[in-house]
Amino acid sequence: MGFKGGTKFRTSHRGTAAYQLGGVMMGPSLLARHKSFTSLVFPFTSDFVLENLGRMGLTLFLFVIGVKMDLGLLKRSGKKHLYIALASVFGPLLIVSIVAVLTRESMDEELARVSSIGEIALSLSVTTFPVHYTILEELNLLCSEVGNMALSIALISDAIGINFMVVFEAMKQGDGSAQSIIWYSISCVVMAAFTPVIRRAMVWIIEQTQEGEAVDQFYVIAILLGSFVAAFVTDMFGLGIANGSFWLGLMMPDGRPLGSTLVQKSETIITEVFMPCSFVFMGLYTDFYAMKEAGWSALRPLFGLVISGYLSKFFCTMLAAKVVGVSWRDSLAISLILSLRGYVELVLYVHWVDRNVIGLPGYSLMILGTIVVVGILTPLISILYDPSKPYMLKQRRTIQHSAQGDHLRILVCIRGKTNLPSLVNLLQLFHPTVQNPFSLHAFYLVELIGPANPVFVEHQNQELEDLSGRFPDLEIIHHALKQYQEGREECVELHLFSAATVKPTMYQDVCKLALISKAVFIILPLEKKLDGEMETTEQWGGESGSIVTQILDNAPCSVGLLVEKAERWQLPQIASYNFIVLFLGGPDSREALAFSDRMSGNPCVSLTVVRFLASNAEGDDEMQRKLDDGVVTSFWVKNEANERVNYREVVIRNGADTASAIVGMAAEKYYHMWIVGRKQGINPSLLEGLSTWSDHKEYMGILGDYLSFSESVNSDSVLVVQKQVLTGKGPNFFTPPGSI
């Protein structure tokens with residue numbers, strides 16, 4: 001089984017450890033040993049209330065996990081993933097079983113049962129998918145190669161584990177009498193028989209919901225209450241309280257609107273109220289003094305199982321990954337990830353206490369082991385594997401270094417149909433020809449909310465109708481881009497991609513596609529709200545456009561931020577469109593000039609290039625100045641005879657002079673687009689004093705922010721350009737100033 005997608009709902013893995021530690025500290029291991037604290041914090045029956053709130057949190061949490069999981073992902077796992085999963089499950093299972101046989105004589109009666117040994121061995125061998133999805137999401141590894149492999153292995157492992165768990169649970173029931181195992185089997189069959197009925201009821205609810213609207217609150221409340229009923233029924237049948245709500249979640253249909261509404265409506269109360277109670281409740285079970293009282297001789301067999309399980313899981317996974325061709329570094333990262341434990345295991349430990357598989361000393365030992373493993377392995381994974389490393393190149397992928405006549409590969413990112421006008425208008429003016437063609441890779445990005453498979457789709461290989469529910473604006477976007485391509489088939493190649501993913505890893509999808517498509521330029525559209533603020537928080541996440549910043553930091557090519565200042569659904573029908581380039585020097589300005597030069601061949605475009613020079617060359621970098629001179633000279637030699645291209649220079653003393661010159665240019669003529677370099681290599685004296693007026697300079701650059709938000713600069717749009725930053729080279733790396 002696999003997650004049907006990421007949502008805003010998630011329990012941070014570090015948050016899990018923090019809650020667990022908080023519960024342990026409040027429990028009998030520390031604070032609860034003092035009667036004054038117990039009487040103040042847990043008076044009378046408060047422990048009963050806390051325990052029931054904790055179990056309610058457990059029920060809802062597992063229900064939401066079931067909603068977000070997709071059994072269909074099993075079909076899409078490769079053979080390599082299957083081999084690693086089999087080795088990582090059956091290797092530790094065999095080793096732990098051998099250790100159990102060797103130490104069985106020293107075990108207590110309950111632990112020595114075959115069913116108890118089987119359950120413990122299986123839990124130490126199986127990788128639970130929900131836990132590892134959360135870990136990879138928090139570490140921003142979901143879209144990485146290691147993350148994808150770990151998830152595939154985890155979902156196969158989870159599927160194996162559920163089947164074995166049912167067998168061992170049946171064996172546990174059989175320890176009482178043969179009649180118990182018969183009733184257990186009948187209960188499983190009855191639950192399975194009701195699955196189609198419940199599934200059909202969920203489909204009926206979706207049919208009653210108007211397209212584009214949320215599911216009625218009555219149905220949402222009824223389904224959430226139904227998770228408690230399902231948990232009660234399975235507990236009554238002996239199937240375990242955790243299984244009922246989880247299985248009900250699995251019955252939820254894929255796609256919107258039901259799953260997303262369920263998650264959105266329940267996430268706050270689960271994460272803010274019930275989950276802390278669950279962790280405190282589990283922490284209150286933990287008593288390290290009970291371990292001391294039990295003694296080493298009583299805990300030694302269980303400790304042997306735990307240590308052998310952790311070590312065999314780590315080494316079997318790492319060796320299996322290496323055997324199937326994974327590098328040592330990635331094999332180590334995968335084995336560390338799959339060795340982690342989380343909330344699902346904690347729930348299982350409580351279940352073992354309820355079923356007398358282990359006592360409180362054994363439970364406390366398992367909790368201690370989980371805390372230690374999570375505390376050690378999580379930072380090791382962060383140190384060992386950098387998800388951005390694969391996207392950083394040591395070769396140039398820029399417009400400046402693209403030869404004339406080669407396909408200019410451009411990646412356009414789209415978050416919705418509102419981005420289309422500015423993008424299509426820009427593409428119409430780009431002027432591709434048979435001699436200078438370009439490949440357009442359009443990438444439609446959708447944030448995952450509720451149950452939806454994390455997907456990456458190339459639409460040449462899949463029909464649009466199959467994905468309309470998951471990508472609501474897909475047909476509109478496809479139609480607009482195909483309309484743009486009409487009449488340009490010989491010089492424009494169009495490739496349409498879509499991805500549904502969570503915001504923290506969205507930049508990885510963009511960088512990965514840019515790498516695969518060999519793009520030299522990424523265009524990110526940014527919109528302004530009615531109040532003049534930037535739309536990056538809603539579209540790209542974070543108060544300072546965190547996804548935009550991550551793309552700028554990790555992109556394997558140059559990037560352009562396109563800010564739409566005037567909302568136009570189509571270009572005005574005029575004879576000439578005026579573009580202006582503000583050249584302040586540095587790599588970004590050189591790339592901005594190269595971008596503009598590609599448009600200078602369009603007979604409908606008039607281009608003005610203004611070079612800003614510091615008075616007396618104060619603050620200039622000599623190397624950057626020489627590179628700028630070479631590029632500007634090459635540009636002017638090429639376009640000197642072009643009457644639609646103008647070039648002039650302005651001498652500036654400080655940022656106030658720069659702002660004054662820009663305002664004067666805006667008053668002199670209306671420019672439809674202002675193009676400027678972001679920040680690399682700009683002489684600081686040219687921007688002195690402007691930074692105090694800039695609210696979005698972290699990703700827009702000081703001048704880009706000023707042009708985008710200044711009321712004195714009227715235009716249709718602003719393009720802020722950043723040149724590719726090579727791995728280990730930095731912005732000042734020297735390249736010969738070849739022709740644009």
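Of the 740 residues of the protein chain, what percentage count as buried? The share is 57%, where buried means under 20% relative accessible area, exposed means over 50% and partly exposed lies in between (1.4 Å probe, protein chains only).

**Before selecting anything**

This is a predicted model, in which local features need pLDDT of at least 70 and side-chain atom pairs count only at pLDDT 80 or more, while totals for chains, interfaces and linings use all residues. Residues are numbered from 1 along each chain as its sequence is written, and side-chain values use heavy atoms, with hydrogens and water left out.

**The whole chain**

Display the protein chain as a cartoon: 26 helices and 13 strands appear. These elements are DSSP runs numbered from the N terminus, helices being H or I with at least four residues and strands being E with at least two. Switch to a surface, and about 31,000 Å² is exposed, 59% of it supplied by carbon and sulfur atoms; accessible areas come from the Shrake-Rupley method with a 1.4 Å probe, and for residues only the protein chains shown count as cover. Among contacts (heavy atoms within 4.5 Å) with a separation of 6 or more, residues 24 or more positions apart account for 83%.

**The open sheet**

Select the strands in the order β5-β6-β4-β3-β7-β8-β13-β12-β9-β10-β11, which gives an open sheet of 11 strands with mixed pairing. Two strands pair if DSSP finds at least two bridges between them. At the edges stand β5 (455–458) and β11, each with a single partner strand, so one side of each has no neighbour in the sheet. Neighbouring strands are turned by 20° against each other on average, direction ignored. Axes here are lines fitted to C-alpha atoms, for helices over the stretch in contact, and angles run from 0 to 180 degrees between N-to-C directions.

Within this sheet, select residues 408–414 (β3) and 438–447 (β4), which pair in the parallel sense over seven bridges. I410 has L440 of β4 as its bridge partner. Then add residues 474–485: this is helix α18, which lies across β3, β4 and β6 (492–501) and runs at about 165° to β6.

**A loop residue and a helix start**

Move to K518, in the loop between α19 (506–517) and β7 (521–527). Phi of K518 is near 60°, a positive value in a residue other than glycine. K518 counts as exposed, at 52% relative accessibility.

Next, select S546, found in helix α21 (residues 546–554). S546 is partly exposed, with a relative accessible area of 31%. Draw a C-alpha to C-alpha distance from S546 to Y507: the two are 9.2 Å apart in space and 39 residues apart in sequence.

**Cysteines**

How many disulfides does the structure hold? The count is zero, a disulfide being a pair of cysteine sulfur atoms within 2.5 Å. For C413, the nearest cysteine sulfur is that of C511, 8.9 Å away. C413 is buried, with a relative accessible area of 0%. For C511, the nearest cysteine sulfur is that of C557, 8.0 Å away. C511 is also buried, at 0%.

**An enclosed helix**

Select residues 328–338, helix α14: eight of its 11 residues are buried, so the helix is largely enclosed by the rest of the structure. Those buried are D330, S331, A333, I334, S335, L336, I337 and L338.

**Aromatic pairs**

Finally, show the rings of Phe, Tyr and Trp (its six-membered ring), which pair if their centres lie within 6.5 Å; planes under 30 degrees apart count as stacked, over 60 as edge-to-face and the rest as tilted. The count comes to eight aromatic pairs. One of them joins F314 and F315, edge-to-face at 5.1 Å centre to centre with 85° between the planes. F314 counts as buried at 18% relative accessibility, whereas F315 is partly exposed at 43%.

Another pair is W636 and Y647, tilted, at 5.9 Å centre to centre and 35° between the planes. W636 belongs to helix α23 (residues 622–639) and Y647 to strand β11 (residues 645–652), 11 residues apart. Both are partly exposed: W636 has a relative accessible area of 28%, and Y647 has one of 22%. The last selection is W204, F218 and Y219, which ring pairs link into a cluster.
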